[in-house]
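Ready for a few pencil-and-paper exercises? Open the structure in your viewer and try each task before you read its solution.

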Amino acid sequence: MKFTDGYWLMRPGHTARHATEITDVRADEHRMTLYAPVRHVRGRGDTLNSPLLTVECWSPAEGVIGVRATHHAGSVRRGPRFELPGAEEGVGKVRRDGTLLELVSGELTLRVDTSGPWRLDFTAGGRTLTSVGERGTGFVTDAEGRHHMVGQLALGVGELVYGLGERFTPFVKNGQMVDIWQADAGTSSEQAYKNIPFHLTNRGYGVLVNHPGRVSYEIASEAVGQVQFSVEDHTLEYFVVHGPTPKEVLERYTALTGRPALPPAWALGLWLSTSFTTDYDEATVNGFIDGMAERGIPLSVFHFDCFWMRGHQWCDFDWDPETFPDPAGMLARLKERGLRVSAWINPYIAQKSPLFEEGMRAGHLVRRPDGSVWQWDLWQPGMALVDFTNPAARDWYTGKLRALLDQGVDCFKTDFGERVPTDVVWHDGSDPDGMHNSYTHLYNRAVFELLKEVRGEGEALVFARSATVGGQQYPVHWGGDCESHFNAMAESLRGGLSLGLSGFGFWSHDIGGFEGTPTPAVFKRWVQFGLLSSHSRLHGSKSYRVPWDYGEEAVEVTRAFTLLKHRLAPYLQQAARQAHTTGVPVMRAMVLEFPDDPTAAFLDRQYMLGDDLLVAPVLSDDGTVEYYVPEGTWTNILTGARVTGPRWVRERHDFHTLPLLARPDSVVPFAADDQRPVSAWADGVELRVHAFADGAERTVVIPSPDGPGETARFHVRRDGDRYHVTTDSPHPWHLRTGGPDGALHSATGGPATIEVPGADLDGP
């Protein structure tokens, strides 16, 4: 939100007041409170008839410093509030030396000189990360009399801003205005399903604005040297999160707000959907599943979209008896074929649903101030919202889902949760503006916790569209309603990379696009991209996404990349474990992995999949792709071709290949079984070494497919023409050098030293 008219003027009807100096300090061992008038105090008269801002500074976790600026402290704080499970008391240390005051937390220091003009400096490693200057703390009253608290943090020369949720606008956020406000708006506008008031920069820190309602950002826009954020409130609170690397920023941020749960490994496989408004019944479902099997495309999960229920009454959680007369039997038959089952839900109850009257009588539906149930006709006629602030309503809703789990459903696509009204009253008295953004969190948490209770730890996952701060704890999230063309592929990828820089570890998208029908070329390229994402689902709106609808080559591409993903399952599950334990996403923007490479700072058409694989989706009809290779010799794991960086590359690929490059000195484990995502990964595992320099060494962990543990560990070291491999695995294993068709060296189990002819050494 803009308040100024250029540098000198305010917009008509707007009045601004900013902290100018510090007139008093109250400090203890761990916290300091600064009192800042909005005009210079030269005498007693200047203390009268003028606001005084209260600015509290403390540390909730090592390397994190919080700032809370308040004008009038008597405002009612009704909630909701972001949960900060990693927050602790007594972390920071206050130091005072004359007029210099410091709050130290880890390597991060907040420095204040109480004798000078208002200024807060955040420093680490001997340099200033960012500062709050003369217009950096204050409030604005607008022409309608609304009160906005405003904060500004300085940007350095060349400093770039990322994150703020799943945003489909340009990847680098400099120059943009961003409103943190949930919206159901697709993937081609400035609005977003997943709004996260957290950004990080390429200067070693991130910032979380701790406000659940609308947060308005001006990012190097209203003031081109500042990130400005404002809220309609009397208090503004934010946390500066130190790295110094982007990965460490995410580690600290997710330690504070919650780490992603570890999804089950079976979810790594291919998901197939009924699509949305297409015609389908059990015969259709069986035809799809048979068709995949006949064509040699392994399927892991089958998803039933909205019309598993009857139209006009979503949700009633009853299978449509005309199309699915025997749901329990059908689900049992799908389970016999080795499939998991996903079912679509939303948090709304249509008036025609029998649950509407039941929920209304019990007080489970959100109400207007006059006591009537809030309803409208958008999406479902006369629909109401379940009030998840009411524990009884939450239990009522999840009780209906429990019956579906008993039937054999394994997980839920938790759709919607964005269009939440503000002219309502919540059961727990929560502020309606805050609940607009936070409703999705209560909804997804309720469903996820039910799944964890019923299916067990490590078996719960949802397929969620909306999220706020902390939503990363309840994976998986997908990118919403994109169109079916190359531009939509690119905007979806931008959104996913931005979400990954906002603390979310797992992300998916509708393969082939949702709205419209993709061309065969788009479908085949999207299949490659989708099966090189953390989770992979074929899903559309008015048309099916079965591969044979897009030609025989589409079948071949889908088969090949599904089998490839199965072989990469131990590698991907290890990346998933990293997301679970550190908050670093599976799909990583290049700036996250290569923060010291200036070119990587702008890249949004490629990504790192885990630590060692670079993926550059092809976004053109003719197969031409441009991508950037960081320093070193990279190996295409599909073709064996090598590229030495740093440099840009332009290539043309047929539909069976794309730039999928292994990092120099990497060892990528390939499972022996390509027919399923979950197998005995350590038994017969193939360790592929890539551009392995003499003296290089790497440790490869083979994770457990059914939990957070590991089943084997390999340490690979090259010494001249020998590879020394130590392992605790009793199973046979293999070492491959020289690319995908290079020499294969086998061991029956345990450690081994392998002598490799010079031509097959696979070193630079």
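The exercises below go through a sheet, a helix residue, a pair of strands and the empty spaces.

This is a predicted model, in which local features need pLDDT of at least 70 and side-chain atom pairs count only at pLDDT 80 or more, while totals for chains, interfaces and linings use all residues. Residues are numbered from 1 along each chain as its sequence is written, and side-chain values use heavy atoms, with hydrogens and water left out.

**Exercise 1. The open sheet**

Task: find the order of the six strands in the open sheet, and name its edge strands.

Solution:
- Start with the terms: strands (E, at least two residues) and helices (H or I, at least four) are DSSP runs numbered from the N terminus, and two strands pair if DSSP finds at least two bridges between them.
- Walking across the sheet gives β3-β13-β14-β20-β19-β16, with antiparallel pairing.
- The edges are β3 (15-18) and β16 (177-180), each of which pairs on one side only.
- Neighbouring strands here are turned by 20° against each other on average, direction ignored; the axes are lines fitted to C-alpha atoms (for helices over the stretch in contact), and angles run from 0 to 180 degrees between N-to-C directions.
- Now zoom in on one pair: β19 (residues 215-219) and β20 (residues 226-232) are joined over four bridges, and Ser216 stands opposite Ser230 in β20.

**Exercise 2. Met292 and its surroundings**

Task: decide whether Met292 is buried or exposed, and list its contacts outside its sequence neighbourhood.

Solution:
- Locate Met292 in helix α2 (residues 282-294).
- Met292 counts as buried because its relative accessible area is 1%; the limits are under 20% for buried, over 50% for exposed and partly exposed in between (1.4 Å probe, protein chains only).
- Leave aside neighbours within four places in sequence, and Met292 is in contact with Leu270, Leu272, Ile297, Leu299, Leu538, Pro547 and Trp548; contact means heavy atoms within 4.5 Å.

**Exercise 3. From Leu272 to β23**

Task: which residue of β23 is the bridge partner of Leu272?

Solution:
- Strand β22 (residues 270-273) pairs with β23 in the parallel sense over three bridges.
- The partner of Leu272 is Phe302.
- In a regular strand, side chains alternate between the two faces of the sheet.
- In β23 (residues 301-304), Val301 and His303 point one way, Phe302 and Phe304 the other way, and all are buried.

**Exercise 4. Pockets and a cavity**

Task: describe the linings of the largest pocket, the second largest pocket and the largest cavity.

Solution:
- On a 1 Å grid over the protein atoms alone, a cavity is a set of points where a 1.4 Å probe fits but cannot get out, a pocket is an open set with protein on both sides within 12 Å along at least five of seven lines, and lining residues have an atom within 4 Å of a point.
- The largest pocket holds about 910 Å³ of space. Of its 37 lining residues, Arg77, His211, Pro212, Asp233 and Thr235 are the closest to its centre. Its lining has 11 nonpolar, 14 polar and 12 charged residues.
- The second largest pocket holds about 660 Å³. Its lining divides into 19 nonpolar, 10 polar and seven charged residues, and α2 gives the most, with three residues.
- The largest cavity has about 60 Å³ of space. Pro263, Phe506 and Val586 are among the residues lining it, and the lining divides into eight nonpolar, three polar and no charged residues.
- For the classes, Ala, Val, Leu, Ile, Met, Phe, Trp, Tyr, Cys and Pro count as nonpolar, Asp, Glu, Lys and Arg as charged, and the others, Gly among them, as polar. Each volume is the space filled by probe spheres set on grid points, which are joined across faces, edges and corners.
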